[in-house]
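Visitor: I would like to go through this structure with you. Could you take my questions as they come?

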Amino acid sequence: MDFLEPFHIQMVGVAVALVVIVAAAAYFSSKKSKKGCLDPDNFKQFKLVKKTQISHNVAKFRFELPTPTSVLGLPIGQHISCRGKDSQGEDVIKPYTPTTLDSDLGHFELVIKGRFKYQPGQVRAFGMLAGGSGITPMFQVARAILENPKDKTKVHLIYANVTHEDILLKEELDGLAANYPDRFKIYYVLNQPPEVWNGGVGFVSKEMIQAHCPAPAADIQILRCGPPPMNKAMAAHLDALEYSPEMQFQF
């Protein structure tokens with residue numbers, strides 16, 4: 001199952017054959033440009049020498065600099081712009097911050113994550129774990145699924161917030177639940193619920209995931225999007241419940 005639009009992976013896949021990738025500095029510093037290998041005005045080519053798969057949708061790419069003692073010359077915290085072609089052959093430019101420093105001579109590395117791509121019917125069901133404004137990509141995916149009459153995919157959403165007033169898109173989400181009762185289920189969780197409340201209370205737990213999301217299987221996918229602490233906790237819950245890395249995707 002391919003849920004990731006292979007923009008960068010495919011771009012580098014092409015680059016493997018050509019053994020080059022193009023990158024340009026996203027900053028302007030005459031002192032740094034003299035020392036380093038980047039040109040703030042023009043894209044330059046660097047040879048791909050190693051690819052390390054970190055997870056099913058994340059990989060680390062090492063690029064060779066002109067000499068063994070060359071440095072990239074990028075200020076700490078800044079990014080470079082990488083140019084390549086997506087799966088449709090269109091030019092795409094994306095910013096990335098290298099994981100290496102100028103103390104790493106002769107090369108630089110980028111950690112690149114694949115993008116989520118949905119195709120109708122690619123899974124039997126989605127589980128969604130959202131917190132706060134992390135509902136926005138979930139809502140978009142859910143609408144695309146439910147409003148497609150040919151798509152029979154089911155969606156199970158757990159949406160966590162602090163208070164009832166924090167729930168975003170509640171009217172729209174309740175509308176989806178009312179219009180597609182057999183295909184869309186939503187379970188709200190509040191850390192500080194009102195006196196009258198029939199949803200979950202506290203933080204999203206393993207038990208809530210077991211009760212309201214599809215069980216681990218080859219034809220399901222669990223999506224998660226929320227604040228970093230929530231994402232970390234959800235990843236731990238999913239691992240403990242034996243959802244494989246291929247069954248998980250984090251926006």
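Guide: Gladly. Let us begin inside helix α4, where Lys170 and Asp174 are four residues apart, which means that about one helical turn separates them. Please bear in mind that this is a predicted model.

Visitor: What do the side chains of Lys170 and Asp174 form?

Guide: The two side chains meet in a salt bridge, at 2.7 Å from N to O. As background, side chains of opposite charge can pair when their charged atoms come close.

Visitor: And are Lys170 and Asp174 buried or exposed?

Guide: Lys170 is partly exposed, at 24% relative accessibility. Asp174 is also partly exposed, with a relative accessible area of 29%. The cut-off for buried is under 20%, so neither value falls in that class.

Visitor: How many salt bridges does a search of the whole structure find?

Guide: The search gives four. One of them joins Asp219 to Arg124, with the closest N and O atoms 2.9 Å apart. Asp219 sits in the loop between α5 (206–212) and β13, and Arg124 in the loop between β8 (115–116) and β9, so this pair ties together parts that are 95 residues apart in sequence.

Visitor: What is the accessibility of Asp219 and of Arg124?

Guide: Asp219 has 32% relative accessibility and counts as partly exposed. Arg124 is partly exposed as well, with a relative accessible area of 44%.

Visitor: Which residue does Glu147 meet in a salt bridge?

Guide: Its partner is Arg143, with 2.7 Å from N to O between the side chains. Glu147 is partly exposed at 43% relative accessibility, and Arg143 is partly exposed with a relative accessible area of 37%.

Visitor: Back to helices. At what angle do α3 and α4 pack?

Guide: Helix α3 (residues 135–146) and α4 pack at about 30 degrees, and their axes are 12 Å apart. The angle is under 35 degrees, so α3 is roughly parallel to α4. The crossing of α3 past α4 is left-handed.

Visitor: Which residues make that contact?

Guide: From α3 the contact involves Ile135, Phe139, Ala142, Arg143 and Leu146, and from α4 it involves Glu172, Leu173 and Leu176. Arg143 is thus a residue we have met already, as the salt-bridge partner of Glu147.

Visitor: Now the sheet. What is the order of its strands?

Guide: Six strands form an open sheet with parallel pairing, in the order β12-β11-β10-β9-β13-β14. The edge strands, β12 (200–201) and β14 (248–250), each pair on one side only.

Visitor: How many bridges join β11 to β12?

Guide: There are two, between β12 and strand β11 (residues 184–190), and the strands run parallel. In this pairing, Leu190 stands opposite Val201 in β12.

Visitor: Which strands does α4 touch?

Guide: Helix α4 (residues 170–179) packs on the sheet and touches β10 (154–161) and β11, its direction making about 145 degrees with that of β11. Helix α6 (residues 228–240) lies across β9 (125–131), β10, β13 (220–225) and β14, and runs at about 155 degrees to β13.

Visitor: One last topic: where does Pro120 lie?

Guide: Pro120 is in the loop between β8 and β9, and it counts as exposed at 54% relative accessibility. Leaving aside residues up to four places away in sequence, Pro120 touches Asn148 and Asp151. The C-alpha atoms of Pro120 and Lys152 are separated by 8.1 Å, with their positions 32 residues apart along the chain.

Notes. Residues numbered from 1 in each chain as written. Predicted model: local features only at pLDDT ≥ 70, side-chain atom pairs only at ≥ 80, totals over all residues. Heavy atoms only, no water. Pairing = 2+ DSSP bridges. Contact = heavy atoms within 4.5 Å. Axes fitted to C-alpha atoms, helices over the stretch in contact; angles between N-to-C directions. Buried < 20%, exposed > 50% of the residue type's maximum accessible area, 1.4 Å probe, protein only. Parallel < 35°, antiparallel > 145°, perpendicular 65-115°, else oblique. Left-handed = near helix turned anticlockwise from the far one by under 90°.
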